[in-house]
Amino acid sequence: IVDVETRAVLAERRVGEIEIRGPSVMAGYWRDPEKTAETIGPDGWMKTGDLGYLADERVFICGRAKDVIIVNGKNYYPQDLEWIAGDVDGIRAGNAIAFAASKAGLDREAVVVVAETREPEEKRAALGNAIRQEVQRVLGLMPDEVVVADVGTILKTSSGKLQRSKTRAAYEAGSLRARQDEGKV
């Protein structure tokens, strides 16, 4: 586990980037020496992009380095915001996603939470306020925008894994809407 900036090895229970090396780790990217040099150091350690820490010789994964939301110099893990939103009555557990996004008028990236519900439109503003208040209560962070949307709005892989970067891109492009292939149960 290394410091993201300096690459110095961190002490136990300090969050940093997870690096790996060994005989089954890739040697590099096919015909892309620049990308290989960015990912694999001269000592053979590969940057995974995952954040975590060691405790009692066990690895604990916290999330992806590229997904961390930074506000006023403090790091927030999107999974924390997602779990909080998913615990709000009326929001589908496991169907909330958080990310930092470009938003006009702000001198920083906006903190955005998108959460899915089956509740009717007239209840969604209250759900958004409940999510905003709960995130603020638990983390001391006020999301800039909470989007309470139809089931099937959050982009996922075929196996159901949240696609944070694609959902962020759809939000920034103004094309975040329920997918037509989702059936309502």
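Two strands count as paired if DSSP finds at least two bridges between them. With that rule in hand, start with the sheet. The model is predicted. It contains an open sheet of three strands, in the order β1-β2-β3. The pairing is antiparallel. In general, strands of a sheet pair through backbone hydrogen bonds, either parallel or antiparallel.

The edges of this sheet are β1, residues 16-20, and β3, residues 58-64. Each of these edge strands pairs on one side only. From one strand to the next, the twist averages 60°.

Now look at how β1 meets β2. Strand β2 covers residues 46-55. Four bridges join β1 to β2, and the two run antiparallel. One pair is easy to find: I20 has M46 of β2 as its bridge partner.

Stay in β2 for T48, which is found in this strand. Is T48 buried or exposed? The cut-off for buried is under 20% relative accessible area. T48 has 18% relative accessibility, so it counts as buried. Its surroundings can be listed. Leaving aside neighbours within four places in sequence, T48 is in contact with E17, I18, I20 and R64. The side chain of T48 also reaches the backbone nitrogen of D50, at 3.0 Å.

Next, turn to the nonpolar cores. The largest one has 20 residues. Which residues have the most contacts inside it? They are I69, L81, I91, V113, I131 and L141. Several elements each supply at least two residues of this core. Among them are the strands β4 (69-71), β6 (91-101), β7 (110-117) and β8 (145-150). The helices α2 (78-86) and α3 (124-139) do so too. The largest share comes from β6, with four residues.

I91 is a good place to look around. Set aside its neighbours within four places in sequence. I91 is then in contact with A85, G86, A115, E116, T117, L127, I131 and V148. A second core, separate from the largest one, has eight residues. It includes I97, F99, V114 and I154.

Finish at S165. This residue lies in helix α4, which spans residues 164-173. Why does S165 count as partly exposed? Buried means under 20% and exposed means over 50%, with partly exposed in between. The relative accessible area of S165 is 47%, so the residue is partly exposed. For a sense of distance, compare S165 with V147. The two are 18 residues apart along the chain, and their C-alpha atoms are separated by 16 Å.

Conventions. Residues numbered from 1 in each chain as written. Predicted model: local features only at pLDDT ≥ 70, side-chain atom pairs only at ≥ 80, totals over all residues. Heavy atoms only, no water. Axes fitted to C-alpha atoms, helices over the stretch in contact; angles between N-to-C directions. Buried < 20%, exposed > 50% of the residue type's maximum accessible area, 1.4 Å probe, protein only. Core = buried A, V, L, I, M, F, W, Y, C linked by side-chain atoms within 4.5 Å. Contact = heavy atoms within 4.5 Å. Polar contact = N/O pair within 3.5 Å; in protein donor to acceptor, adjacent residues only side chain to side chain.
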